[in-house]
Amino acid sequence: MIAVPTTPVREPQQDRSRATRQRLLEASVQAMAELGWSGTTVAVVAERAGVSRGAAQHHFPTREDLVTGLIEYMTEVRAAEIETAAAGLRSGPRRTEQVLVVLVGLYRGPLFRAALHVWTAAAVDESLRAQVRPLEAALGRTAHGMAVELLRVDEQTPGARETVQATLDLARGLGLGELLHDDTARRARVLRQWAATLDTVLPPSS
């Protein structure tokens with residue numbers, strides 16, 4: 001029997017391009033979290049992603065373009081993570097505390113460390129700040145919307161919106177505190193107390 005040679009199935013160019021962009025974004029998170037702003041260049045990200053510098057520059061011609069893509073990517077990843085975590089939340093007397101643990105997760109790990117390096121660089125670079133500010137605002141709106149949904153808050157109640165924002169500010173502060181040392185025990189106590197406060201002051205949405 002004569003073997004008939006088969007033609008390998010080629011991945012469509014659009015799919016290859018999308019996969020390359022995904023690898024670059026994942027590599028940019030790792031690089032930014034580990035190396036900071038000064039160490040994260042398109043060349044470094046390309047090397048970590050295992051693609052040519054030319055391919056990287058096709059997607060992100062400059063580091064500023066890379067940062068824009070990075071922040072948008074972080075927003076998408078966080079939204080997906082929160083959606084997955086929300087599916088596992090159980091109703092009951094400690095649900096609010098479970099939600100707070102999920103929200104604190106927004107400000108932990110490589111994604112948060114990468115974002116922190118970007119914010120720090122933007123604080124002293126006016127052109128970068130102008131680029132980052134609207135993206136950061138969009139990220140903040142996404143986080144706020146997630147918190148409102150997970151906490152089941154009626155934002156028509158006076159003070160409810162501000163309380164939700166205070167919750168996110170608290171979560172960010174706890175995330176910052178964990179960067180330098182293990183803050184697990186104190187964080188658990190703070191979240192337990194804040195959950196009890198929220199259950200008292202935030203009426204649920206109808």
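**Figure 1. Helix H4 and its packing partners in the predicted model**. The buried residues of H4 pack against H1, helix H2 (42-49), H5, H6 and H7. Those buried positions are Leu 66, Val 67, Gly 69, Leu 70, Ile 71, Tyr 73, Met 74, Thr 75, Val 77, Arg 78 and Ile 82. H4 comprises 25 residues, and its first and last C-alpha atoms lie 36 Å apart, close to the 36 Å expected at 1.5 Å a residue.

**Figure 2. The bend and the buried residues of helix H7**. H7 (residues 126-151) contains 26 residues and extends 36 Å from its first C-alpha to its last, which is close to the 38 Å expected at 1.5 Å a residue. At Val 132 the helix bends by about 35°, and the proline Pro 134 follows within four residues. Val 132 is itself buried, as are Leu 128, Leu 135, Ala 143, His 144, Met 146, Ala 147, Val 148, Leu 150 and Leu 151. The buried residues of H7 pack against helix H1 (13-39), helix H4 (63-87), helix H5 (95-104), helix H6 (109-123), helix H8 (160-177) and helix H9 (184-201).

**Figure 3. Arg 152, the residue that follows H7**. Arg 152 lies in the loop between H7 and H8. Its phi is near 55°, a positive value in a residue other than glycine. Most residues other than glycine have a negative phi. Arg 152 has a relative accessible area of 41% and is therefore partly exposed.

**Figure 4. The contact between H8 and H9**. Two packed helices are described by the angle between their axes and the distance between the axes. The axes of H8 and H9 come within 12 Å and cross at roughly 180°. The two helices are therefore roughly antiparallel to each other. On the H8 side the contact is made by Thr 163, Thr 167, Leu 170 and Leu 174, and on the H9 side by Arg 186, Arg 187, Val 190, Leu 191, Trp 194, Leu 198 and Val 201.

**Figure 5. Helix H6 and the loop that lies between H6 and H7**. H6 has 15 residues and reaches 21 Å from its first C-alpha to its last, close to the 21 Å expected at 1.5 Å a residue. Buried within H6 are Leu 111, Phe 112, Ala 114, Ala 115, Val 118, Ala 121 and Ala 122. The elements covering these buried residues include H1, H4, H7 and H8. Val 124 is located in the loop between H6 and H7. With a relative accessible area of 74%, Val 124 is exposed. The C-alpha atoms of Val 124 and Val 190, which are 66 residues apart along the chain, are separated by 32 Å; Val 190 belongs to H9 and takes part in the contact with H8.

**Figure 6. The surroundings of Val 102 in helix H5**. Val 102 has a relative accessible area of 16% and is therefore buried. Not counting residues up to four places away in sequence, Val 102 touches Ile 82, Ala 85, Leu 89 and Leu 150. Of these contacts, Ile 82 is one of the buried residues of H4, and Leu 150 is one of the buried residues of H7. The C-alpha atoms of Val 102 and Ala 171 are 9.6 Å apart, although 69 residues separate the two positions along the chain.

**Figure 7. The segments annotated by UniProt, with Thr 20 and Arg 53**. An unreviewed UniProt entry places the feature "domain: HTH tetR-type" at residues 18-78. Over residues 18-78 the chain is 87% helix and 0% strand, and the end C-alpha atoms lie 19 Å apart. The unreviewed entry also places the feature "DNA-binding region" at residues 41-60. Over residues 41-60 the chain is 75% helix and 0% strand, with end C-alpha atoms 10 Å apart. Thr 20 is situated in helix H1. Its relative accessibility is 14%, so Thr 20 counts as buried. Leaving out residues up to four places away in sequence, Thr 20 touches Val 51 and His 59. Arg 53 is found in helix H3 (residues 53-59). Apart from neighbours within four places in sequence, Arg 53 is in contact with Ala 43 and Ala 46. The C-alpha atoms of Arg 53 and Val 42, eleven residues apart along the chain, are separated by 7.3 Å.

Methods. Residues numbered from 1 in each chain as written. Predicted model: local features only at pLDDT ≥ 70, side-chain atom pairs only at ≥ 80, totals over all residues. Heavy atoms only, no water. UniProt positions renumbered as here; feature names shortened; annotations may be inferred. Expected span 1.5 Å × (residues − 1). Bend = angle between axes of the 7 residues up to and from the residue. Buried < 20%, exposed > 50% of the residue type's maximum accessible area, 1.4 Å probe, protein only. Contact = heavy atoms within 4.5 Å. Axes fitted to C-alpha atoms, helices over the stretch in contact; angles between N-to-C directions. Parallel < 35°, antiparallel > 145°, perpendicular 65-115°, else oblique.
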